[in-house]
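Take a look at the model below. We will go through it step by step, from helices to sheet to pocket.

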Amino acid sequence: MSENAYAQEVCYNLRGGNRALLMDAFANIRKEDFLFPPPWKVAITTPGYGRRAVLQDAADLYQDMLVELVHEASINTGQPSLWAQIFNWSGLKPGMSVFESGSGLGYFTAVIAHVVGPEGSVYFDEPHEKLHDKCRENLAGIKNVHAAYDGAALDRTYLCYGTTTVPAELYRNTKLRGQIVFPFTDDWGHGFFISLKKKKKVCELKLGAPCAFVISRDYKNNPYTNDFGELTDMAVDVKFVEQALDDKVLDVAKMIHLAIEAKSHS
């Protein structure tokens, strides 16, 4: 499959203004530059395949597939079509300042950097000891990508792991109308992507695609996850955000619980 055909496959179902930008990014970012050397163990999700395989030829990577990164931790690159959908859904566009946490070996970081362009900035973090150094090496040559986050105001934050909490620093540094986008999951890693849009009086929560992700090492088992079944688009009053925010994290599950509880009593 050619890179252009791959980009068309990955972005096939996208609608909206940045589809062309994402197609250009997926057509131009070389997957093999953001992986360990071959052989590559993959799970091919392209219709008609649905199988696991071991690949040697880089040309075979250009399918909608997961590539294994750390076997014992079940960490992979993520599904390209899912992330294309998430970047499109969240309105990623040129000039934005973006933070990405859980960058793996940097493939989607490079895609983000291509979309935001030279006027934008991308900050990244990959804490896993088997990925950290290689991720930095892979991204070192991209001018608008930075390994050290300096506290800059952010338009978008993408967390690439299942969680119920968001680092407080990232929430506080999100611009008004900026978004934090992440897999909101139970402790099995099953849940939904959600977007939190920060506004003056509310935090707008939007529900996205169902997903399954490896959970954060700091995953907080949360008494409020029973509210997952009631999860829907909602505007959460800023007072509930403040009640769920401490020096370390914004407890998103608690925030949602408080909002649902208040609605049920109104």
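At roughly what angle do the axes of helix 3 and helix 4 cross? Helix 3 (residues 80-89) and helix 4 (residues 107-116) cross at roughly 35°, and their axes come within 12 Å. This is a predicted model, where local features need pLDDT of at least 70 and side-chain atom pairs count only at pLDDT 80 or more, while totals for chains, interfaces and linings use all residues. Residues are numbered from 1 along each chain as its sequence is written, and side-chain values use heavy atoms, leaving out hydrogens and water.

Helices (H or I, at least four residues) and strands (E, at least two) are DSSP runs, numbered from the N terminus. Axes are lines fitted to C-alpha atoms, for helices over the stretch in contact, and angles run from 0 to 180 degrees between N-to-C directions.

Which residues meet here? P80, W83 and F87 of helix 3 meet F108, V111 and I112 of helix 4. Contact means heavy atoms within 4.5 Å.

Now turn to the sheet. It is open, has 8 strands in the order 7-6-5-8-10-11-12-13, and its pairing is mixed. Two strands pair if DSSP finds at least two bridges between them. Strand 7 (145-146) and strand 13 (234-237) stand at the edges with a single partner strand each, so one side of each lacks a neighbour in the sheet. Helix 3 packs on this sheet and touches strand 8 (154-159), strand 10 (174-185), strand 11 (190-198) and strand 12. The direction of helix 3 makes about 25° with that of strand 11.

Inside the sheet, strand 5 and strand 6 (residues 121-125) run parallel, joined by 5 bridges. F99 has Y123 in strand 6 as its bridge partner.
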